[in-house]
Amino acid sequence: MTGTATKVVVTGLGVAAPNGLGTQDYWAATRTGKGGIGRVTRFDPSQYPSRLAGEVPGFEARDHLPSRLLPQTDHMTRLALVAADWALADAGVKPQELPEFDMGVVTASSSGGFEFGQRELQALWSKGGQHVSAYQSFAWFYAVNSGQISIRNGMKGPSGVVVSEQAGGLDALAQARRQIRKGTRLIVSGGMDASVCTWGWVAQLAGKRLSTSDDPERAYLPFDAEARGHVPGEGGAILILENAEAARSRGARTYGEIAGYGSTFDPKPGSGRPPGLRKAIELALADAGATPDEVDVVFADAAAVPELDRIEAEALTAVFGARGVPVTAPKTMTGRLYSGAAPLDVATALLAIEEGLIPPTTNVEPADGYDLDLVTGEARPAEVRTALVLARGFNGFNSALVVRATP
Amino acid sequence: MATQEFTVDDLKRILLEGAGADESVDLDSADFLDSEFEALGYESLALLETGGRIEREFGITLDDTALTDATTPRALIEVVNAHIGQPTAV
């Protein structure tokens, strides 16, 4: 079956997060509110105004990947390749057993392989063009995670990359769903970013949204009166999306359904028109055929910029009513992971469905004036059947995605 | 540098540094010298990287066709040594 009646389900998860490498470690940390933010170790941050990051712990690429791939891959690509391996294994999919054109790869990216690119640009500037790696031709590129996953697993179906900063993580999953509805059986999707390097750092500093706190527990406080920007992180999640019928026929375990999606772009500043986030939520709910009261939890974008927090809180209140739905931001434990953030939130929502537990927003004391039922302190037991995940990208991207338990 | 011979061990070392090695390939096998690079798991970009590293280390400039024409380790070693001005001992 193809077309919009086609159900698309998630059958595998691969996670690399600052508070846990692998789905099991990540969920064990997240359900108990254990964070992974600390002082940057990938470079010496002492001369920069922002010095905290969420770094993925314990990742040794050579333990997981062949030597052939190491000279040609940025850190983010190595994380993506390993997470894709884990997601496929979790789904019980052996790619070599499926027709190669029945499988595709659609990931999100926000910056490409900055660390690799930085090293090669430094070589160009200090030693000359002869010293630049031939692999710089693609290792920095936005589409490289999709390409490397495709090559490693022999996936020749529809593939691509979506670049819309943090919203891209949801936009990629939506594009994957579109391709499955057009007839591709399986798409590897999600996002993985890792730009904790000095070049990536100055680019992010220029956006003026990084927290300058040195206290990991006070640095990233969305919806708090002390909100002061975010802590950047590295990592994300890779998900296996499949045609639900195909998944069922092979006896796959499913985490849930990608049930609805909506995206908008904010109006020009000064136009007087309202921000687009509310509309994105309404579009996603309509696409899922869900009413607001069916939503059991919202995973917030949680910018931790007061103006953006206010816009998000108002959108949620407008759709769900004052304190009308539990809202959480587990990314307070990881920092903002850019293209990796929303796929990780989707994975987290599916794990919340599985366990019946809403993970907490850590360190935050909600400010007066936000009428949100923010899940703070510790995780909240709850039957979760439908979850809404929100993600906003720098300069106006708004995306919303609904995941639903499979019966 | 210019009088240093380019050996099979140099080539293996530079291949490993610049491009790694395919899991299914043994660079120390007896067939190595006369195997096609493609069969050894090295595509054109890996050879471009390898050529660049050889040029840097041995202070030579290989013309564009040198790399594309030398499809085996033996042929590449010969062409590099011809540039260095060394007889090839392999």
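Start by selecting chain B and think about which residues touch which: among its contacts between residues at least 6 apart in sequence, 62% join residues at least 24 apart. Keep in mind as you go that this is a predicted model.

**Stop 1: chain B as a whole**

Switch to a cartoon view of chain B. You should find 4 helices and 0 strands, and from the N terminus on the elements run α-α-α-α. The radius of gyration of chain B is 12 Å, close to the 12 Å that the globule rule gives for 90 residues, so chain B is as compact as a globular protein of that length. Turn the chain around slowly: along its principal axes, the C-alpha trace spans about 35 × 25 × 20 Å.

Now add a surface to chain B. About 4500 Å² is exposed, with carbon and sulfur atoms supplying 49% of it. Buried residues make up 46% of the 90 residues in chain B. Next, colour by charge: chain B has 5 positive and 20 negative side chains. The centres of those two sets lie 6 Å apart.

**Stop 2: where the chains meet**

Bring chain A back into view and look at the contact between the chains. How many residues does each chain bring to the contact? Chain B gives 17 residues and chain A gives 12. Together the two chains bury about 1100 Å² between them, and 49% of that is on carbon and sulfur atoms. Select B:Leu45, B:Glu49 and B:Arg56, which supply 45% of the area that chain B buries against chain A, more than any other three residues.

**Stop 3: chain A**

Now select chain A alone. Its secondary structure comes to 12 helices and 16 strands. With a radius of gyration of 20 Å, close to the 22 Å from the globule rule for 407 residues, chain A is as compact as a globular protein of that length. The C-alpha atoms of chain A fill a box of roughly 60 × 55 × 45 Å along the principal axes. Of the 407 residues, 62% count as buried.

**Stop 4: one residue inside chain A**

Finish by selecting A:Ala53, in strand E4 (residues 52-54) of chain A. Is A:Ala53 buried or exposed? A:Ala53 is buried, with a relative accessible area of 2%. Show the residues that A:Ala53 touches beyond four places away in sequence, among them A:Gly36, A:Val40, A:Trp201 and A:Pro232. Then draw a distance from A:Ala53 to A:Arg42: these two are 11 residues apart in sequence and 9.6 Å apart in space, C-alpha to C-alpha.

Key. Residues numbered from 1 in each chain as written. Chains lettered and ligands numbered in written order. Predicted model: local features only at pLDDT ≥ 70, side-chain atom pairs only at ≥ 80, totals over all residues. Heavy atoms only, no water. Helix = DSSP H or I, 4+ residues; strand = E, 2+ residues; numbered from the N terminus. Rg over C-alpha atoms; globule rule 2.2 N^0.38 Å. Buried < 20%, exposed > 50% of the residue type's maximum accessible area, 1.4 Å probe, protein only. Contact = heavy atoms within 4.5 Å. Areas by Shrake-Rupley, 256 points an atom, 1.4 Å probe, with all protein chains shown as cover. Lys, Arg positive; Asp, Glu negative; His and termini not counted. Charge placed at Lys NZ, Arg CZ, Asp CG, Glu CD. Buried area = accessible area lost by both parts, 1.4 Å probe.
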